[in-house]
Amino acid sequence: MTKIKIFLICLLISLTNVITINAQVKATPKPKTSDAVDQLIAKYAKPNEPGIAISVIKDGAIVYKKGVGIANLEYGIPITSSTVFHVASVSKQFTVFSILLLEQDGKLSLDDDIRKYLPEMPNYGNPITLRNLANHTSGIRDNTDLAYLIGTTENDLFSNEQAVKLITSQKGLNFIPGEEFEYCNSGYILLAEIVKRVSGQSFSEFTETRIFKPLKMKNSVFLDNPEMIVKNKAYSYFKQDTYYKSLLNFSFVGSTGLNTTVEDLSLWALNFENKTIGNNIIFDKMNKKSQLNSGEIINYALGQETKNYKGLDVLFHGGGDAGYRSYLLRIPEHNFSLVILSNSREFIPISLAYEIVDCYLKDKEKTIESDKPKSILDYSVLEKFVGDYEVMNGLIVSITNENDTLFHQMKNDNEKVKLIQTDNFEFTYPNLPNSKIIFDLKKETSVTEFKWLISDFVYKGKRMQLKAFDKTKINLNELAGNYYSSEVNTSYNLIAKENTLVATHSRNDDMSLSILQPDIFIGGGFFGKVEFIRNEQNKVIGMYVSGQKSKRIKFDKN
């Protein structure tokens with residue numbers, strides 16, 4: 001499995017305090033907040049590298065906007081505040097807003113069964129509502145995994161129509177709707193399709209008519225045709241010694257697809273204050289945290305996430321496709337919003353976003369200290385954390401204790417990462433910025449799961465009980481063969497090669513599968529875990545393939 005890439009943590013920039021020496025000496029003017037932000041973004045202003053554009057909105061006005069770096073490395077075109085970027089998942093709040101506008105028109109309801117508008121969707125036994133799609137509790141398999149499984153990448157042309165057909169061909173769900181939260185792009189592709197069918201307009205036309213024109217967002221479009229020319233658009237890049245283009249030809253809309261500028265997104269953020277379009281009912285629904293069937297409250301609202309930062313209630317969403325990165329946050333209590341867009345895959349928006357928040361709202365922030373003193377865990381407690389955990393399908397993490405120190409190691413990866421204890425049950429994962437692991441001690445004798453926090457995302461690692469077995473008794477030849485899935489209309493050929501099982505595909509690279517348990521193998525990504533199916537005669541008749549967000553897609557052995 002590929003090692004997690006180590007990012008460098010950006011250093012905070014300190015501001016010098018102004019000191020009045022005496023009454024006879026005139027006080028030095030206090031540095032402007034904009035000067036502090038200039039200093040923060042100066043490191044991204046490199047002459048031959050991609051960069052960023054940002055805007056800050058405070059008390060009903062844009063108080064800061066700037067672009068640094070290069071939008072097009074071939075021609076040396078600089079980034080400005082009017083440069084157009086693909087903003088990836090920041091698009092989702094526009095999709096929810098479109099649905100809520102149609103609900104306001106009386107044409108649909110968030111609590112409608114989606115099969116009312118998508119009759120081709122299978123009946124899974126439990127209804128899926130539009131709300132389930134909007135708050136990621138539908139259980140539907142993610143289209144990204146499905147697309148990669150059939151050999152499609154970001155470089156390939158792939159439309160909403162193709163994505164809808166693929167999604168609606170799935171015979172199973174990841175979980176019962178409303179039982180869990182799992183971020184799912186498929187849900188938003190389906191929401192965009194519902195907007196299209198209910199309104200009679202394409203999703204791009206609907207958002208242009210109902211959102212962009214009324215808000216005077218003149219440089220915004222949902223790009224449903226990748227061949228369309230978008231003026232003043234930044235290319236996206238990634239770095240491997242030098243910079244390369246990171247191509248993006250997907251034309252999905254709803255889950256992604258919005259092309260816009262920081263200036264236009266500022267007008268969008270201001271609409272939450274001015275309410276040029278929409279009303280309090282719509283905004284309250286968008287801002288309210290969601291609830292699972294169990295009654296558990298989750299931090300995802302509708303098209304927006306929620307968090308508390310230094311006592312400030314933040315509504316936000318980030319995005320990333322190809323080499324594009326985006327982040328939009330709002331702090332309604334203080335009429336504050338921030339937009340950050342980039343065309344570099346290496347850029348981490350969260351590393352900059354909250355430094356800028358500190359510049360503007362330092363006097364509003366609170367330092368929250370725990371009343372409970374921090375303690376050092378003893379050896380016996382550390383032992384309770386030791387074990388194997390499944391974070392995603394096929395992503396297995398082993399936690400070991402060596403000399404009273406915990407180490408984190410992924411299956412098929414030789415690297416052991418030392419975890420740094422910061423509090424009871426809480427450890428920093430040093431190989432990623434803004435990353436930590438929190439163990440959940442539900443029983444006195446063992447830990448059942450941990451939460452792995454990476455920036456704004458939370459991944460649960462659930463304890464696995466792996467049994468000892470003799471690998472030499474695994475007959476790879478009986479597992480080899482051709483497997484076909486009608487759900488994704490594609491085949492994989494499994495070959496026993498040098499004591500390894502290799503999955504081959506007409507478009508994807510060969511993938512080596514390693515044994516986790518008898519009849520269970522792990523690969524990686526969209527081919528994360530393979531579970532072989534046997535009949536009553538113990539003959540292998542198929543396999544289930546699970547990706548990161550697509551569980552148990554059935555393949556029949558020919």
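This report walks through some rings, a sheet, a pair of helices and a few single residues in a predicted model.

## Rings that pair up

Let's start with the aromatic side chains. There are 35 aromatic pairs in the structure. One of them is formed by Tyr-148 and Phe-526, with 6.2 Å from centre to centre and 45° between the planes, which makes the pair tilted. Tyr-148 belongs to helix 4 (residues 143–149), while Phe-526 sits in the loop between strand 31 (520–524) and strand 32 (527–534), so this pair ties together parts that are 378 residues apart in sequence. As for how open the two are, Tyr-148 is partly exposed, at 26% relative accessible area. Phe-526 counts as buried, because its relative accessibility is 17% and the cut-off for buried is under 20%.

Another pair to look up is Phe-427 with Phe-439. Their rings meet edge-to-face, with centres 5.8 Å apart and 85° between the planes. Phe-427 comes from strand 23 (residues 426–428) and Phe-439 from strand 24 (residues 435–440), so here the parts tied together are twelve residues apart in sequence. Both Phe-427 and Phe-439 are buried.

## A cluster with Trp-268 in it

Some rings come as a group. Phe-94, Phe-97, Phe-203, Phe-212, Phe-222, Trp-268, Phe-272 and Phe-283 make up one aromatic cluster. Take Trp-268 from that list: you'll find this residue in helix 8 (residues 262–274). Trp-268 is buried, with just 1% relative accessible area.

So what does Trp-268 touch, leaving aside residues up to four places away in sequence? The list is Gln-93, Phe-94, Phe-97, Ile-211, Leu-215, Met-217 and Leu-328. Leu-215 is 53 residues from Trp-268 along the chain, yet their C-alpha atoms are separated by 7.1 Å.

Phe-272, also part of the cluster, has a charged partner: Arg-330 lies over the face of its ring, 3.6 Å from the ring centre.

## Two helices side by side

Next up are helix 2 (residues 92–104) and helix 6 (residues 185–199). They pack at an angle of about 35°, and their axes are 10 Å apart. The crossing is left-handed. On the helix 2 side, the contact is made by Lys-92, Thr-95, Val-96, Ser-98, Ile-99 and Leu-102. Helix 6 brings Asn-185, Tyr-188, Leu-191, Ala-192, Ile-194, Val-195, Val-198 and Ser-199.

Two residues on those lists have an arrangement of their own: Lys-92 lies over the face of Tyr-188, at 5.6 Å from the ring centre.

## An open sheet of six strands

Now for a sheet. Six strands line up in the order 2-1-17-16-15-14, with antiparallel pairing, and the sheet is open. Which strands sit at the edges? They are strand 2 (61–68) and strand 14 (305–309), each of which pairs on one side only. From one strand to the next, the twist averages 15°.

At the strand 14 end, five bridges join this strand to strand 15 (residues 312–321), and the two run antiparallel. Asn-308 stands opposite Asp-313 of strand 15.

At the other end of the order, helix 1 lies across strand 1 and strand 2, running at about 25° to strand 2. Lys-43 is found in the loop between helix 1 (33–41) and strand 1 (52–58). Lys-43 is partly exposed, with a relative accessible area of 32%. Follow the chain for 25 residues from Lys-43 and you get to Val-68; in space, their C-alpha atoms are 9.3 Å apart.

## Two positive phi values

Finally, have a look at two residues in loops. His-136 has a phi near 60°, a positive value in a residue other than glycine. You'll find His-136 in the loop between helix 3 (130–134) and helix 4. Is His-136 buried or exposed? His-136 counts as buried, at 1% relative accessibility.

Glu-498 has a positive phi too, near 50°, and is likewise a residue other than glycine. Its loop runs between strand 28 (490–497) and strand 29 (500–504). Glu-498 is exposed, with a relative accessible area of 71%.

Notes
Residues numbered from 1 in each chain as written. Predicted model: local features only at pLDDT ≥ 70, side-chain atom pairs only at ≥ 80, totals over all residues. Heavy atoms only, no water. Phe/Tyr/Trp six-rings, centres within 6.5 Å; stacked < 30°, edge-to-face > 60°. Helix = DSSP H or I, 4+ residues; strand = E, 2+ residues; numbered from the N terminus. Buried < 20%, exposed > 50% of the residue type's maximum accessible area, 1.4 Å probe, protein only. Lys NZ or Arg CZ within 6 Å of the ring centre and 35° of its normal. Pairing = 2+ DSSP bridges. Axes fitted to C-alpha atoms, helices over the stretch in contact; angles between N-to-C directions. Contact = heavy atoms within 4.5 Å. Left-handed = near helix turned anticlockwise from the far one by under 90°.
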